[in-house]
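Please look over the structure shown here before reading the remarks below. They are meant for a colleague who has not met this structure before.

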Amino acid sequence: MKEFKERVKSLMERDNISQKELAKLSGISEASVSRYLSGDLRPRMDILANIAKVFNVSTSYLVGEMDNAVQPDAYEETLCVVTRNKSKLDDAQKAEIIKVLFGGK
């Protein structure tokens, strides 16, 4: 996740936010933030979401799936998340996503 740590560091510089401030704003321990930025630890999806909220960018941008830091619309973000995780979903989970997206049809 080389792109993740580089992008977060760049966003920290852009917004003049320290690791300590990022930890506080995202609800993540300072030690964890340090490990994410050094590449020693890979963040879970909920952690990515917390960091993305701090910088008002998408999780897709943070992990290098998108080059534009502007927050995409809900459809675009949902599509990226589902695509990224489709191999991890079982048939029941896929059916549930389809049910939610298409109103139970």
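The points below cover confidence, the core, one helix and two loop residues.

1. This is a predicted model, in which local features need pLDDT of at least 70 and side-chain atom pairs count only at pLDDT 80 or more, while totals for chains, interfaces and linings use all residues. Residues are numbered from 1 along each chain as its sequence is written, and side-chain values use heavy atoms, with hydrogens and water left out.

2. The mean pLDDT (the predictor's confidence in each residue, from 0 to 100) of the protein chain is 83, and 87% of its residues reach 70 or more. Among the elements of the chain, helix H6 (residues 74–85) has the lowest mean pLDDT, 70, whereas H3 has the highest, 94. Helices are DSSP runs of H or I with at least four residues, strands are runs of E with at least two, and both are numbered from the N terminus.

3. The largest nonpolar core (a set of buried Ala, Val, Leu, Ile, Met, Phe, Trp, Tyr and Cys residues joined through side-chain atoms within 4.5 Å) holds 20 residues, of which Phe 4, Val 8, Leu 22, Ile 51, Phe 55, Val 57 and Leu 62 touch the most other members. At least two residues of this core come from each of H1 (2–15), H2 (19–26), H3 (30–38), H4 (45–55) and H5 (59–62), and H4 gives the largest share, 5 residues.

4. Leaving aside residues up to four places away in sequence, Phe 4 is in contact (heavy atoms within 4.5 Å) with Tyr 36, Pro 43, Leu 48, Ile 51 and Leu 62.

5. In H2, the buried residues (buried means under 20% relative accessible area, exposed over 50%, partly exposed in between, with a 1.4 Å probe and protein chains only) are Leu 22, Ala 23 and Ser 26. These residues lie on the same side of H2 because they cover an arc of only 100° around the axis, the arc being that of the directions from the helix axis to the C-beta atoms. The face of H2 turned away from this buried side carries the exposed residues Lys 20, Lys 24 and Leu 25. After H2 comes Gly 27, with a positive phi near 75°.

6. Which residue lies in the loop between H1 and H2? Asn 16 is placed there, and its phi is positive, near 55°, in a residue other than glycine. Asn 16 counts as exposed, at 67% relative accessibility.

7. Asn 56, in the loop between H4 and H5, also is not a glycine and has a positive phi of about 55°. Its relative accessible area is 54%, so Asn 56 is exposed.
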